[in-house]
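Welcome! Here are some exercises to work through with the model open beside you. Try each task before you read the solution under it.

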Amino acid sequence: METAIRECIHPSKTAQQELCVCFYADDFVILHKSLDVILRCKSVVEAWLKEMSLELKPSKTCISHTLIPYEGKVGFDFLGFNIRQYPVGKHQSGKSPHGKKLGFKTIIKPSKKKVALHIQKLRDTIDAYKTASQAALINKLNPIVRGWCNYYSRVCSKQTFASCDKVLFSQLRAWARYRTGKFNPKTLLKYWHYIEDRLTFSTQKGMKLISHSSIPIVRHIKVKGNRSFFDGDVLYWSTRRGKHPELPNQVALLLKRYKGKCPACGLLFMEGDLVEVDHKIPKLDGGTDRFDNLQPLHRHCHDVKTARDNANRKALVQETELESIESVIKI
């Protein structure tokens, strides 16, 4: 299909680069700045599908502009995301590949339809667990919230997550009212407890409901065009994925956490560098083997840090001995 679409436009490199065709299973979107080209591509797709006795679904097929209203629509939904461009000032404007300011910014958010379906699923789950314990309800809701938020945590979803939390609180408040017959401060403190100075829907034993807003927004980083998982670049893929068959899992996870940089010198690890695992707080000083206390270092950076830790420890011992001698003299 993509071959048929590209054959209907000029074969020059510039014309082919201006056309963008994205496929995912049976969903696809065609992007181009010219409406005539889009209409031509639509005709080609319809003719191509007709040969296999297929046709485009009218309810899912639409033509719209991402910035200017067209037939009452702005932007489009694809795979549960809403892609749209918004006019902004010169200081927030996006830029073309040549550095020219465009006057608008592309923002990708969860689509309203998918947000409504998620809220409906939360409502149905809470209604189904009206007579269940609070712990059972939390166990059922946590995977739903976590899975949905992880899917949309790569785009501009912070405001959507906050609005979902407000709706979820209203649904849980209705659940609490159903169980107690009323909702007052006493009922609130029965099902909501302070965890880390924040009122959280939780049990007395500490089992808490995950909030949408607690899921961090982590921007997706595109894979470089000249990269392949089989190209032998261990450091790049370990930093990106947090695992690689040629590296220990601990080292790969640390490289991903520190984005491929040595925290001591701030430089990126390069191919051929010796990466060593260091304890932030040395074990001689009470440090543990927990993952939070580990960091990847160049071998020479590790040697410098070890020497500095030993010097600090020696100075501390001498200072302690002097204090003990002074106390003995005073006695």
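## Exercise 1: a tyrosine and its hairpin

Y24 has a relative accessibility of 53% and therefore counts as exposed. Keep in mind throughout that this is a predicted model.

**Task.** Find the strand that holds Y24, work out which strand pairs with it, and name the surface patch that Y24 helps to make.

**Solution.**

1. Start with the position: Y24 belongs to strand β1, which covers residues 20–24.
2. Next, look for the pairing. β1 runs antiparallel to strand β2 (residues 27–31), and 5 bridges join the two.
3. Check individual partners. Y24 has D27 of β2 as its bridge partner, while F23 stands opposite F28 in β2.
4. Follow the chain through the turn. The two strands make a hairpin with 2 residues between them, and A25 in that turn has a positive phi of about 55 degrees.
5. Finally, turn to the surface. Y24 joins L79 and Y151 in a nonpolar patch of about 310 Å².

## Exercise 2: from the hairpin to a loop

**Task.** Which residue forms a salt bridge with D27, and why does the pair tie together parts that are apart in sequence?

**Solution.**

1. Begin with the contact: D27 meets K60 in a salt bridge, with 3.3 Å between the closest N and O atoms.
2. Now place both ends. K60 sits in the loop between α3 and β3 and D27 in strand β2, so the salt bridge ties together parts 33 residues apart in sequence.
3. Compare exposure. K60 has a relative accessibility of 55% and counts as exposed, whereas D27, at 24%, is partly exposed.
4. Stay in this loop for one more residue. L67 is also found between α3 (35–50) and β3 (76–78), and its relative accessibility of 26% makes it partly exposed.
5. End with a distance: the C-alpha atoms of L67 and R84 are separated by 6.6 Å, with the two residues 17 apart along the chain.

## Exercise 3: salt bridges of helix α10

**Task.** How many salt bridges does a search of the whole structure find, and where does R313 lie? Then decide whether K305 is buried or exposed.

**Solution.**

1. Take the total to begin: the search of the whole structure finds 9 salt bridges.
2. Pick out R313. Its salt bridge is with D285, and the closest N and O atoms are 3.0 Å apart.
3. Locate that pair. R313 lies in helix α10 (residues 299–330) and D285 in the loop between β8 (275–279) and β9 (294–298), so parts 28 residues apart in sequence are tied together. D285 is partly exposed, with a relative accessible area of 43%.
4. Move along to K305, whose side chain meets that of D309 in a salt bridge of 2.9 Å, N to O. Both residues lie in helix α10, 4 residues apart, or about one turn of the helix.
5. Apply the cut-off: buried means under 20% relative accessible area. K305, at 9%, therefore counts as buried, and D309, at 16%, is buried as well.
6. Widen the view: D278 is linked with K305 and D309 in a network of salt bridges.

## Exercise 4: positive phi in two loops

**Task.** Where do D197 and K259 lie, and what is the phi of D197 and of K259?

**Solution.**

1. Recall the background: most residues other than glycine have a negative phi.
2. Examine D197. Its phi is positive, near 60 degrees, and its place is the loop between β6 (192–195) and β7 (198–201). With 77% relative accessibility, D197 counts as exposed.
3. Go on to K259. This residue is not a glycine, yet it has a positive phi of about 55 degrees. K259 lies in the loop between α9 and β8 and is exposed, with a relative accessible area of 65%.

## Exercise 5: a positive patch

**Task.** Which residues form a positive surface patch, and which helix holds K256?

**Solution.**

1. List the members: R154, R241, K243 and K256 form the positive patch.
2. Place the lysine: K256 is in helix α9, residues 249–257.
3. Check its accessibility: K256 has a relative accessible area of 41%, so it is partly exposed.

Key:
Residues are numbered from 1 along each chain as its sequence is written. This is a predicted model: local features need pLDDT of at least 70, side-chain atom pairs count only at pLDDT 80 or more; totals for chains, interfaces and linings use all residues. Side-chain values use heavy atoms; hydrogens and water are left out. Patches are made of residues with over 30% relative accessible area and no salt bridge: like charges are joined within 9 Å, nonpolar side chains (Val, Leu, Ile, Met, Phe, Trp, Tyr) within 5 Å. Accessible areas come from the Shrake-Rupley method with a 1.4 Å probe; for residues, only the protein chains shown count as cover. A salt bridge is a side-chain nitrogen of Lys or Arg within 4 Å of a carboxyl oxygen of Asp or Glu. Lys and Arg count as positive and Asp and Glu as negative; His and the chain ends are not counted. The place of a charge is taken as NZ of Lys, CZ of Arg, CG of Asp or CD of Glu. Buried means under 20% relative accessible area, exposed over 50%, partly exposed in between (1.4 Å probe, protein chains only). Two strands pair if DSSP finds at least two bridges between them.
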